[in-house]
Amino acid sequence: MTAQTDTQGSVTTVYKVSGMSCGHCEGSVSGEISGLPGVSSVKAVASTGEVTVVSAAPLTDEAVRAAVDEAGFELVGQV
């Protein structure tokens with residue numbers, strides 16, 4: 001199951017990330033993912049572990065996983 005939606009030339013995908021516990025964690029994950037090509041917005045929520053990403057085209061799981069790893073957390077998968 002995927003939470004990926006395609007709206008007006010953009011794709012919104014919700015990922016599950018483990019290990020986030022505070023606003024600093026959210027900022028680290030958001031900062032790394034927002035550096036990926038085509039990403040227009042990222043919203044990380046530590047309390048749910050969900051990260052909502054809006055991008056021009058679908059992102060590869062490998063790219064998102066590498067960004068999350070760089071931030072020091074683990075990508076569980078798409079919600």
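A helix here is a DSSP run of at least four residues, and helices are numbered from the N terminus. Ser34 sits in helix H1 by that rule. The model is a predicted one.

Helix H1 covers residues 23–34, and Ser30 is also part of it. The two serines can be read side by side. Ser34 has a relative accessible area of 39% and therefore counts as partly exposed, since that class lies between the cut-offs of 20% and 50%. Ser30 has a relative accessible area of 16%, so it is classed as buried, because buried means under 20%.

Next come the contacts of these serines, leaving aside neighbours within four places in sequence. Ser34 touches Val39 and Val42. Ser30 is in contact with Val42 and Ala44. Val42 thus appears in the contacts of Ser34 and in those of Ser30. A distance can be added for Ser34: its C-alpha atom is 11 Å from that of Val51, and the two residues are 17 apart in sequence.

Strand E3 spans 39–45 and strand E4 spans 50–55, and the loop between them holds Gly49. Is Gly49 buried or exposed? Its relative accessible area is 6%, so Gly49 is buried. Which residues does Gly49 contact, once neighbours within four places in sequence are left aside? They are Tyr15, Lys16, Val17 and Met20. Val39 lies ten residues from Gly49 along the chain, and the C-alpha atoms of the two are separated by 19 Å.

The path now moves to helix H2, which runs over residues 61–71 and includes Glu62. Ala71 belongs to helix H2 as well. Glu62 has a relative accessible area of 61% and is exposed, because exposed means over 50%. Ala71, at 17% relative accessibility, counts as buried.

Ala71 also provides a link back to an earlier part of the chain. Residues up to four places away in sequence not counted, Ala71 touches Ser28, Val29 and Glu32. Between Ala71 and Ser47 there are 17 Å from C-alpha to C-alpha, with a sequence separation of 24 residues. For Glu62, the C-alpha atom is 9.8 Å from that of Leu75, which is 13 residues away along the chain.

The last stop is on the surface. Glu32, Asp69, Glu70 and Glu74 gather there in a patch of negative charge. Glu74 lies in strand E5, which spans residues 74–78. Glu32 has already been met as one of the residues that Ala71 touches. Why is the patch called negative? Its members are Asp and Glu residues, and Asp and Glu count as negative.

Note on methods. Residues are numbered from 1 along each chain as its sequence is written. This is a predicted model: local features need pLDDT of at least 70, side-chain atom pairs count only at pLDDT 80 or more; totals for chains, interfaces and linings use all residues. Side-chain values use heavy atoms; hydrogens and water are left out. Patches are made of residues with over 30% relative accessible area and no salt bridge: like charges are joined within 9 Å, nonpolar side chains (Val, Leu, Ile, Met, Phe, Trp, Tyr) within 5 Å. Accessible areas come from the Shrake-Rupley method with a 1.4 Å probe; for residues, only the protein chains shown count as cover. A salt bridge is a side-chain nitrogen of Lys or Arg within 4 Å of a carboxyl oxygen of Asp or Glu. The place of a charge is taken as NZ of Lys, CZ of Arg, CG of Asp or CD of Glu. Helices (H or I, at least four residues) and strands (E, at least two) are DSSP runs, numbered from the N terminus. Buried means under 20% relative accessible area, exposed over 50%, partly exposed in between (1.4 Å probe, protein chains only). Contact means heavy atoms within 4.5 Å.
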